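Hi,

Here is the structure I promised to pass on. Have a look when you get a minute, and my notes are underneath.

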Amino acid sequence: MTEVTSKASKVKAATRKLSLATTSEKNEALISIANALNKSRLEILKTNAEDVKNAIEKGVRESLVDRLKLTDKRIDSMINACNEVSKLKDPVGEVINSWVEKELRIAQVRVPLGAIGMIYESRPNVTLDATILALKAGNSVLLRGGSDAIRSNLAITKAIKDGLSNSSLPETSVEIIEDTDRKNVQEMLNLDSYLSLIIPRGGAGLIKFVVENSSVPVLETGVGNCHIFVDESADIEKSIEIIDNAKTQRPGTCNAVETILVHKNIAKKFLPAMAKRLSSKGVELRGCETTRKIIEAKAASEEDWSTEYLDLILAIKIVETIDEAIEHIQKYSTGHSEAILTENYSNARNFTTSIDAAAVYVNASTRFTDGEQFGFGGEIGISTQKLHARGPVGLKELTTYKYIVLGNYRVRD
């Protein structure tokens with residue numbers, strides 16, 4: 001039996017005990033994991049520093065190195081996530097609906113999904129986020145991270161398993177594949193007898209490969225080609241603050257803005273002020289022909305409108321109307337996060353009604369598309385599909401349901 005199949009078998013076997021675990025048992029396990037992370041802090045930072053050093057030597061761009069890097073503050077956030085998820089309402093056992101039909105009491109009850117396979121790339125915090133959310137929802141998890149973060153992932157997983165060993169949950173509730181050879185991804189995708197769901201989290205290439213090659217059901221987390229439309233009624237100063245936040249706070253994340261659409265009637269006032277702010281922070285601007293008549297920017301190509309840069313690069317297009325902005329977004333959006341900045345209520349309603357995306361914002365940064373920001377305590381990914389989950393995937397999205405039917409020796413007529 002290969003490493004992948006062996007570990008898939010272990011997490012599958014752990015699902016029975018997890019499905020029966022009480023809320024208190026799961027919460028105590030999360031607190032134990034938090035304590036183990038704190039005790040392992042120095043080792044995690046040491047191994048992460050090696051991953052970061054290797055990434056820099058390979059020439060990985062700065063925004064992606066930032067996704068890889070762990071700091072004391074980020075480990076504190078991971079520990080806090082354990083504590084916050086332990087406080088969240090346990091979705092397992094929730095009676096979603098209940099009714100009487102044909103003299104039968106029928107109840108729709110929330111239950112765990114089972115064993116989840118997580119395939120992800122550079123961000124080591126995903127190791128922790130995926131684990132604690134899966135456990136709280138009564139699931140086990142098989143982790144397969146990328147080679148860039150393998151040392152960090154192994155150190156975090158060791159701390160998690162140390163925490164589980166001091167709890168009533170099985171230590172094998174979480175397993176990580178240590179060999180990062182791509183062949184192991186393909187093997188995971190064929191383990192439908194062990195895994196109930198595969199969640200890919202990473203670039204477009206990884207997600208496409210998983211979707212096209214998996215015999216296990218896939219919850220597709222999407223690429224974020226996110227847009228912000230600056231309406232003619234928008235407050236210029238406040239809009240610049242939002243765009244600055246959406247582009248520069250963490251440009252390597254999927255909820256960072258990649259394209260700005262600006263109404264022609266505000267462009268001459270808005271663009272110079274925006275360009276001054278963003279250029280001072282090292283953002284490379286790529287604009288349409290009309291944009292380049294107003295500010296200094298590189299010429300935007302057709303490819304720019306469909307690119308998720310994950311970097312300090314921003315595409316800019318001037319539009320004649322809100323309908324043109326909506327049409328552009330409908331054409332190029334990946335269905336992740338889209339925003340309008342406006343003082344016009346009718347335009348806000350038109351935008352939110354017309355745009356088909358997991359999260360649609362009015363006068364707010366796209367950077368809020370995040371499980372923690374939505375009050376979910378974290379997320380296992382951002383789903384851009386419509387079945388069975390959409391947007392930040394939290395605890396409820398990691399469950400399914402079954403019908404419990406009570407009768408009095410009832411037979412069908």
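Below is what turned up, starting with the rings and ending with the nonpolar cores and one helix.

First, a caveat: this is a predicted model.

Aromatic rings. Searching the whole structure gives three aromatic pairs. One of them is W99 with Y403, an edge-to-face pair with 6.3 Å centre to centre and 80° between the planes. That pair joins distant parts of the chain: W99 belongs to strand 1 (residues 95-101) and Y403 to strand 16 (residues 399-406), 304 residues apart. Y403 also pairs with Y401; their ring centres are 5.7 Å apart and the planes sit at 80°, so this pair is edge-to-face too. Put together, ring pairs link W99, Y401 and Y403 into a cluster.

How buried or exposed is W99? Its relative accessibility is 30%, so W99 counts as partly exposed. Y401, at 42%, counts as partly exposed, and so does Y403, at 46%.

Charges over rings. There are a couple of these you may want to look at in the viewer. R182 lies over the face of F209, 4.2 Å from the ring centre. K317 does likewise with W305, at 5.9 Å from the ring centre.

Nonpolar cores. As background, nonpolar side chains in soluble globular proteins tend to be buried together. Here the largest nonpolar core has 46 residues, and L37, M118 and L128 touch the most other members. Helix 6 (residues 125-136) supplies the largest share of this core, with seven residues. Leaving aside residues up to four places away in sequence, L128 touches I33, L37, M78, A81, C82, I156 and I160. Another core, of 35 residues, lies apart from that one, and its members include I240, A246, I295 and L314.

Helix 6 up close. Why call helix 6 largely enclosed by the rest of the structure? Because twelve of its twelve residues are buried. The buried residues are not just nonpolar names, by the way: among them are N125, T127, D129, T131 and K136. The length of helix 6 checks out as well: at 1.5 Å a residue, its twelve residues should span 16 Å, and the end C-alpha atoms are 17 Å apart, which agrees. After helix 6 comes G138, with a positive phi near 80°.

That's the lot from me. Shout if anything looks odd on your side.

Cheers

Note on methods. Residues numbered from 1 in each chain as written. Predicted model: local features only at pLDDT ≥ 70, side-chain atom pairs only at ≥ 80, totals over all residues. Heavy atoms only, no water. Phe/Tyr/Trp six-rings, centres within 6.5 Å; stacked < 30°, edge-to-face > 60°. Helix = DSSP H or I, 4+ residues; strand = E, 2+ residues; numbered from the N terminus. Buried < 20%, exposed > 50% of the residue type's maximum accessible area, 1.4 Å probe, protein only. Lys NZ or Arg CZ within 6 Å of the ring centre and 35° of its normal. Core = buried A, V, L, I, M, F, W, Y, C linked by side-chain atoms within 4.5 Å. Contact = heavy atoms within 4.5 Å. Expected span 1.5 Å × (residues − 1).
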